[in-house]
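Dear colleague,

I am handing over the structure below, together with some notes on what was found in it. Please read them beside the coordinates.

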Amino acid sequence: MPMSMEEYEIGISYTIMKMEQQNTNSKEGVEVLQQVPFEDEKLGKGQYTSKNYHLQSKIPSWMKGFAPASALTCPLFSKCSLTIDTVIRPDNGCSENAHNLTSEQLAAREVEVVDIASQSRDYWSKVISAPNVDLTAFRSQRTSRGPLLKGWMDSCRPVMTTYKLVIMDAPIWGLGERLEDCIIAGERALFLACHRLCFAWIDEWYGMTLDQIREMERQTDLLLKKTLKKPAKAGSKHDGKRKTLKEEIVAVGSCT
């Protein structure tokens, strides 16, 4: 990522909020249950978040065919687990073992470099409506960063890397391996889309403070809850250019 770790904390929080807002309607989306600061001896200070994801249209067709009405409540799925461990470093992806894995874990690990300047056109990118933004032509007006041309990770300053350790376990006979591959591919597409937008929206969040982000999170939580409860309008379409998250929050606040 062409930013500092401090900027990344602001930018990724803003991006997640905006993506949740754009993908939430009266039938599906994100419901924030709890969002509070925490402090841990090993992890340090952070933000604990508990969310419910109401999914309808983004369930793969093959999964619907396997269990049309009860796919997500089937007892078999309670045995599955997905763990994502994230470590951020102020480097260009050169850390060989950012998660301090054992020799046995390293032997089983598969490493994939996800370049935010790359384009992804796989199935999952279509499912999550991956952004159609060309970062090889994008230049930030506020920071003058970009475009991200070939070799940008070696020449860009500041630069940082997000290391994601994704562990998926689906001990379901006849379906487990396919489900594991499917979920991991979906996570990769989501990581790429989210981090591409984080940089593409840098002019919207650059200069904000962490306190401002936390206040926006509180306002966004209210916005999402209202959207999920709001009756859908038949034939409604988005009118004009998409607003920034700040404008969306102000618009909702003016209607309350």
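To begin with one residue of this predicted model, T162 has its place in strand β4. T162 counts as buried because its relative accessible area is 18%, which falls under the 20% cut-off. Although T162 and P90 are 72 residues apart along the chain, their C-alpha atoms are separated by 9.0 Å.

Strand β4, which covers residues 161-169, is also one of the elements around the second largest pocket, where α3 (103-108), α5, β4 and α6 each supply at least two residues of the lining. The space in this second largest pocket comes to about 1,400 Å³. Its lining is made up of 40 residues, and those that lie nearest the centre are E110, V111, E112, K164 and L165. Helix α6 gives the most to this lining, contributing nine residues. By character, the lining residues of the second largest pocket divide into 21 nonpolar, nine polar and 10 charged.

Helix α6 (residues 176-200) also takes part in an aromatic contact, and a search of the whole structure finds one aromatic pair. The ring centres of F138 and F199 are 5.2 Å apart and the ring planes stand at 85°, so the pair is classed as edge-to-face, given that angles over 60 degrees fall in that class. The pair links distant parts of the chain, since F138 belongs to the loop between α4 (123-127) and α5 (152-155) while F199 belongs to helix α6, 61 residues apart. Both F138 and F199 are buried.

Another contact with a ring is that of K18, whose charged end sits over the ring of W201 at 4.2 Å from its centre.

Two helices were checked for their span. Helix α1 (residues 5-22) has 18 residues, which at 1.5 Å a residue should span 26 Å, and the end C-alpha atoms are 25 Å apart, in agreement with that expectation. Of the 18 residues of α1, 13 are buried, so this helix is largely enclosed by the rest of the structure. Helix α8 (residues 210-229) has 20 residues and reaches 29 Å from its first C-alpha to its last, close to the 28 Å expected at 1.5 Å a residue. The residues I213, M216, E217, T220, D221, L223, L224 and L228 of α8 are buried. As background to reading that list, an α-helix has 3.6 residues a turn, so residues three or four places apart point the same way.

With best regards

Notes
Residues numbered from 1 in each chain as written. Predicted model: local features only at pLDDT ≥ 70, side-chain atom pairs only at ≥ 80, totals over all residues. Heavy atoms only, no water. Helix = DSSP H or I, 4+ residues; strand = E, 2+ residues; numbered from the N terminus. Expected span 1.5 Å × (residues − 1). Buried < 20%, exposed > 50% of the residue type's maximum accessible area, 1.4 Å probe, protein only. Phe/Tyr/Trp six-rings, centres within 6.5 Å; stacked < 30°, edge-to-face > 60°. Lys NZ or Arg CZ within 6 Å of the ring centre and 35° of its normal. 1 Å grid on protein atoms, 1.4 Å probe; cavity = no way out; pocket = protein on both sides within 12 Å on 5 of 7 lines; lining within 4 Å. Points joined across faces, edges and corners; volume = space filled by probe spheres on them. Nonpolar A, V, L, I, M, F, W, Y, C, P; charged D, E, K, R; others polar.
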